[in-house]
Amino acid sequence: MPKTHLLSPQQRVLYVKYGKAISELPVMLETLANRIGVTRWSMRRVAEHVENYGPPTEEDSPGWRVVVIPDAHFGPGEDCSRARLFGLEITRQGRLAMENGERFAFCSIGDWHDMQSLSHYDKGTMDEWGRFIQDDINAGNQAIALMKENIEHAVWEYAEEKFVTLGNHEDRIKRTVREHGALSGFLGMHVLGWETHGFEQVPFLTPKKIEHVMFSHYFANPGNGRAISSVNMGRQLIMKTMCSVVVGHNHLYKTDMVTSADGRKLVGTSVGCAFEHHHEWAGQSNVSYDRGIVVLTNLKEWSYTPSFIPLTELRRRYGT
């Protein structure tokens, strides 16, 4: 891409997204600026860059940098300070994206709200005692607010995608409303704080796409409808979905790449989990959980490069 260091971070993104159209079509810059919500000066600056140096090529255009927060399972009475770490690391990664002229996004892969009060597994047991729906909602929503407070405003504005792909724990709300129709309108997915704080809330098991990469809390096994799972999780995700995917749900970090016959690099990644406490119901599985966040770089078309940052590293980096 020719001399993009002459453009501001926002202008570099505009150049990548609209430079080719500006060079080939009679685009009204003022109309385009109004439609996408940027200043006319920025669009004129990009148009001048296209005129002087030509449009971006597919090979030269930068990819995406995407921060993925795995299953966080926020609940009442737990330390939610890790939400601050998520916000600070999103800020750090966003600044890197701005410096490099990369496109930027961040998301929660679901199960942010633990919603223990609505667990079918604990229904009618002693574990159900003292749990309240509103406490569960408040815990998750307060964690969303804490994370956003620690995301720098410039990074928030720079990010093109900010979303959550809701998980099966949040979906307990929808199931409860189906079982108790009198709660309809009073209880629902609207009680989650994502949209209030400016995130796109993607329904459970509805994939969200960036380029050709699919994000979802999990993908169902075609044979039985259950979440795809395997010791070789990354490879299994690719083979069962036949595309590049990013999932949460099983709390393990696993990734793999497969090259298709037409040369596409397909990547499958399970991102681990983002909580520090142990779940009593998980038993021995607690010791195998991979606790951290995942950053995807060089995301273009079907391919991306994942990296895992442990929560212990974030604690060292930002303090407690």
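Two residues are in contact when heavy atoms of theirs lie within 4.5 Å. This report uses that term for a predicted model of a protein.

**Overall form**

The secondary structure of the protein consists of nine helices and 11 strands. Its radius of gyration is 21 Å, close to the 20 Å that the globule rule gives for 320 residues, so the protein is as compact as a globular protein of that length. Taken along the principal axes, the box filled by the C-alpha atoms is roughly 70 × 45 × 45 Å.

Of the 320 residues, 51% count as buried. The accessible surface comes to about 15300 Å², and carbon and sulfur atoms hold 51% of that surface. Among contacts between residues at least 6 apart in sequence, 68% join residues at least 24 apart. As for charge, there are 35 positive and 38 negative side chains, and the centres of the two sets lie 3 Å apart.

**Helix H8**

Helix H8 covers residues 233–241, and its buried residues include Met233, Gly234, Leu237 and Ile238. These residues cover an arc of only 140° around the axis, which means that they are on the same side of H8. What lies over them? The cover of the buried residues of H8 includes strand S7 (244–247), strand S8 (253–259) and strand S9 (265–271). After H8 comes methionine 242, which has a positive phi, near 60°.

**Two residues beyond H8**

Threonine 297 and tryptophan 281 can be set side by side.

| Residue | Place | Relative accessible area | State |
|---|---|---|---|
| Threonine 297 | strand S10 (residues 292–300) | 17% | buried |
| Tryptophan 281 | loop between S9 and S10 | 56% | exposed |

Is threonine 297 buried or exposed? Threonine 297 counts as buried because its relative accessible area is 17%, and buried means under 20%. Leaving aside neighbours within four places in sequence, threonine 297 is in contact with Trp64, Arg65, Tyr304 and Thr305.

Tryptophan 281 has a relative accessible area of 56%, so this residue counts as exposed, the cut-off for exposed being over 50%. Which residues does tryptophan 281 touch, not counting those up to four places away in sequence? They are His251 and Tyr289.

Key
Residues are numbered from 1 along each chain as its sequence is written. This is a predicted model: local features need pLDDT of at least 70, side-chain atom pairs count only at pLDDT 80 or more; totals for chains, interfaces and linings use all residues. Side-chain values use heavy atoms; hydrogens and water are left out. Helices (H or I, at least four residues) and strands (E, at least two) are DSSP runs, numbered from the N terminus. The radius of gyration is taken over C-alpha atoms; the globule rule is 2.2 Å times the number of residues to the power 0.38. Buried means under 20% relative accessible area, exposed over 50%, partly exposed in between (1.4 Å probe, protein chains only). Accessible areas come from the Shrake-Rupley method with a 1.4 Å probe; for residues, only the protein chains shown count as cover. Lys and Arg count as positive and Asp and Glu as negative; His and the chain ends are not counted. The place of a charge is taken as NZ of Lys, CZ of Arg, CG of Asp or CD of Glu. The arc is that of the directions from the helix axis to the C-beta atoms.
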